[in-house]
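Me: I've got a few "how do you know" questions about this one. Can we go through them with the structure on screen?

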4 protein chains.
Amino acid sequence: MKTESKVRRRILETTGQLFYRQGYQSTGINQIIAESGVAKASFYSHFPTKEDLCATYLKLESDAWFTILKRITLDEKNIDNKLDALFNHLIEFHAEHRFRGCAFLNIRAEVGSSSPKIAQEILTHKTRLLNFFHSLIPNEKKAKHIYVLYEAALMECQVFSANWPAEEAREFALEIIKLDH
Amino acid sequence: MKTESKVRRRILETTGQLFYRQGYQSTGINQIIAESGVAKASFYSHFPTKEDLCATYLKLESDAWFTILKRITLDEKNIDNKLDALFNHLIEFHAEHRFRGCAFLNIRAEVGSSSPKIAQEILTHKTRLLNFFHSLIPNEKKAKHIYVLYEAALMECQVFSANWPAEEAREFALEIIKLDH
Amino acid sequence: MKTESKVRRRILETTGQLFYRQGYQSTGINQIIAESGVAKASFYSHFPTKEDLCATYLKLESDAWFTILKRITLDEKNIDNKLDALFNHLIEFHAEHRFRGCAFLNIRAEVGSSSPKIAQEILTHKTRLLNFFHSLIPNEKKAKHIYVLYEAALMECQVFSANWPAEEAREFALEIIKLDH
Amino acid sequence: MKTESKVRRRILETTGQLFYRQGYQSTGINQIIAESGVAKASFYSHFPTKEDLCATYLKLESDAWFTILKRITLDEKNIDNKLDALFNHLIEFHAEHRFRGCAFLNIRAEVGSSSPKIAQEILTHKTRLLNFFHSLIPNEKKAKHIYVLYEAALMECQVFSANWPAEEAREFALEIIKLDH
DNA sequence: CATGAATGAGACTTCATTCAT
DNA sequence: AATGAATGAAGTCTCATTCAT
C-alpha cells in the first residue's frame, strides 16, 4: 500500500474543495499550491499534470461518496427506507454545499471528451453508482430508472438552486418501487 | 426592426459551435474572433464581456431549441407519439454531436453560481422546458417526472457516451404516461 | 468669431470634468463621447485627435481661470488684499475639488515633452499667469517669487491632500511683499 | 539577507527610466518587460500589479534621492552652501534629464487620488523631504518656505523647459535664510 | 523529497481612430 | 453636420509547467 505523504494529502484536500466549488477550469494550479501551502515543484512531483490531479481527485471522491452511500443505506431495513435515506442525503448535501450539484457530472460537463482520462474516471464512478442501485433493487429496469432519477436530482437541484427536484425524485422513486412488474 | 449585423451573426454562429463543443471556459475570445473573422474591438462593441456573449448565446440557443421541440411535437397526434419524438430527437441529436450533452446543463455545471447572469439564463430555459412538458402532459406530477427523465437522458448520454440512457428514459416516460393516476 | 456648436460645447464640458478628475491618459475618448452624448464621428469632426481636444480644453481652461483671477482681484484695493484673495480662492478651489491640484501642471506632468502642442499650451498659460503676477506686483523679483509660491501651493495641496501649503504660501507671499527691496 | 534577483533588479532599472521619461500611464508593462528582457510571468511573480511596481519604484527612488541629497549637503559647512548645493544639484539634474521634473510630483499629478497606495508613497517621500529641510534649517517657517521653493523649482523648470525657475528659487532661498526672524 | 524563481503562450479587455452610410 | 459599426494595436494580467538549486 502506497504511503500517502502529508503534502499529497494537503493538496488533495484543497483540490477537493476548490474543484467542487469553483470548477476544474476556474481553479488554477497556483491557487491549489498557495492554499495547500506546498511548494510548486513538490506539487508537480506528486501530480505531473493538472489532469492527473483531477483523475486522482475523482478516484478519491468516488470512494468517499460510496463510503457515505453504504453507511446511510446499511442501517435501513427495507428498500423504501434505503431510497428515502439516499435522497434525503442528497437534500442535506445540497443544503450544505449551496446546490453545487455533482462533482463528477460538473467536471464531465466541463471537459467533454477533451480529456479521456478524466472522462473515464467519471464513467467508472457512474457505472459504480448504477451498480450500487442494482445491488439495492433487483429489478434491473427499476434500478436504472431510479438511478436516472437520482442523477437528475443532482443536476436539477443545481439548476433551480432548490431542493424540490430531489424531493420530487424521491417521491417518483418510491412510486417506481411500488409498481408490480 | 433592428438589423442584425453580419459581424454579430458570425460571432454568434462561431460562439454556438465553440461553446458547445469545447465549453465556456475552454473557449477563448481570441478563438471566437479568429474563427469569426472579426476584429477584436468589433467583437467587444457587440458583447461587452464574455459573460454577456454567453448570456446572449444561451437566449438564442433556447429559442432555437424550442423551435425544434415544437416542430417535432406539433405533427404528432397523441402524447405517446410526442414523447417518442422528443426522446428520439435527443438520440439523433447526440449521434450528430458526439454526446456532448446539453449546452445549458454543461455551462451551468461550469459556472456554478459564479455568474448570476448566466445561471439565470439557464434557469429561465429550464423553467421554460418544464412548462413545455406541462403543456403536453396535464398531470403535473407526471410532467415533472418526465421532464426529469429528459434531463437525466441529456446528461447520462454524455457520461456514458452512449444512447442507452435516452432509450431507457424514453421507455420510462411512456410507462409513466400509461399509469392511471 | 467662430460659432460654437452645441455638440462642441457639450464635448468640452465633459472633457473639462474628466480630464481634471481622472487625468489625460486615464480618460478615454469613448468615455468622453459616451458622457457627452455625441456620436463618435461628430466628435472627430470637431477634434481630429485627442491631443487637439486637450489643447483646446487647455485654452478654454486658461481663459476661464483668468476670468476668475481677474474678478477676485479687481475689487480688492491694495496688493495685500489681492494676494490674500488669490490664495484664498486656491483654498476654496481645492476644498471643492478634493485637492486635485492644477489642471495644467497635472497634464504637463503626464505628457512630459511627448506632446509639444500640449506642452506649449501649458507654457503659454503659465507665462500668462506669471505676467499676471507681474501686473499686480511691480517688483519683478517679488512677482516671480510669489508666482512660484502660488504654483507650489497648487502642487503641494494636492500632495498633502491638505490646505496648509496654500495657507503657508499665502503667509510667505504677504511677507515678501512687505520686504523693502 | 534576502538576495535581490537579477530579474527584479533589471525590472526596477528599466521601470525607473521609463516611468520617469514617459510617465506612469504611458509606460506599458509590455514595454517594461521587453526592455528588461524578462518573461511576462516573471515580472508578475515579482510585482503583482503595475501599481505595486510603481510603489516599489517610488520607495527606491526616494532612498536614492536622499542618498544624493545627504551626500551633497554633508560636505558643506554652512547652511548657505548647503542650500546652494541643493539647488545647483537640481539644475544639473534637469540639464541631464531634459527637464522632466520630479518623478514623485509627476506621478502624483497623473494618478490623483485614484491610487491611495501610490499617493501614500509620494506623501511619505515629500514629508521626508520637508523634514530634511527642517533638519537643515532650525526655523520652522523658513524651512517650510524653502521646501516650497524647492518643490516649485522642480515643477517650473519642467513647465518652462528652462533652468531659470531653479536659479530664482535658489536666490529666494538664500534671501529667506538671511532674514532675521 | 523539497524549493521558488522563471517561463512563453494566452487570457479578457480598451485604446484612439476611420469608414461607409 | 451627423451617425455607429468596424478596426488592429496595445493594455494588464494568469495559465500550466519547468528549471537550477
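Me: Why are α7(D) and α8(D) called oblique to each other?

Reply: Keep in mind that this is a predicted model. Helix α7 (residues 116–136) of chain D and helix α8 (residues 140–160) of chain D pack at an angle of about 130 degrees. Roughly perpendicular covers 65 to 115, and roughly antiparallel needs over 145. The angle of about 130 degrees fits neither class, so α7(D) and α8(D) are oblique. Their axes are 8 Å apart, and α7(D) passes α8(D) in a right-handed crossing.

Me: Which residues make that contact?

Reply: From α7(D) you have Leu129(D), Leu130(D), Phe133(D) and His134(D). Facing them from α8(D) are Glu140(D), Ala143(D), Ile146(D) and Tyr147(D). By class that's six nonpolar, one polar and one charged.

Me: What makes His134(D) polar and Glu140(D) charged in that count?

Reply: Just the class lists: Glu is on the charged one, while His is on neither the nonpolar nor the charged one, so His134(D) lands with the polar residues.

Me: On to the neighbours. How do you know that chains D and C are related as by a two-fold rotation axis?

Reply: Superpose chain D on chain C and you get a rotation of 180 degrees with 0.1 Å of shift along its axis, at an RMSD of 0.1 Å. The two copies are thus related as by a two-fold rotation axis. If you want to find that axis from chain D, go to Ala152(D): its C-alpha is the nearest one in the chain, 2.4 Å from the axis.

Me: And what makes you say the copies meet through the same surface?

Reply: The overlap: 97% of the interface residues of chain D are also interface residues in chain C, so the surface is the same. In numbers, 32 residues of chain D are in contact with 31 residues of chain C. On the chain D side, α6 (103–111), α7, α8 and α9 (164–178) each give two or more residues, and α8(D) gives the most, with eleven. That side has 13 nonpolar, ten polar and nine charged residues.

Me: Last one: what makes a residue count as near DNA strand E?

Reply: Its C-beta atom, placed from the backbone, has to lie within 6 Å. There are 35 residues around DNA strand E, and Ala41(A), Gly28(B), Ala41(B), Gly28(C) and Ala41(D) come nearest. The largest share of that surface comes from α3(D), with four residues. By class the surface splits into 15 nonpolar, twelve polar and eight charged residues.

How values were computed
Residues numbered from 1 in each chain as written. Chains lettered and ligands numbered in written order. Predicted model: local features only at pLDDT ≥ 70, side-chain atom pairs only at ≥ 80, totals over all residues. Axes fitted to C-alpha atoms, helices over the stretch in contact; angles between N-to-C directions. Parallel < 35°, antiparallel > 145°, perpendicular 65-115°, else oblique. Left-handed = near helix turned anticlockwise from the far one by under 90°. Contact = placed C-beta atoms within 7 Å. Least-squares fit on C-alpha atoms with pLDDT ≥ 70 in both.
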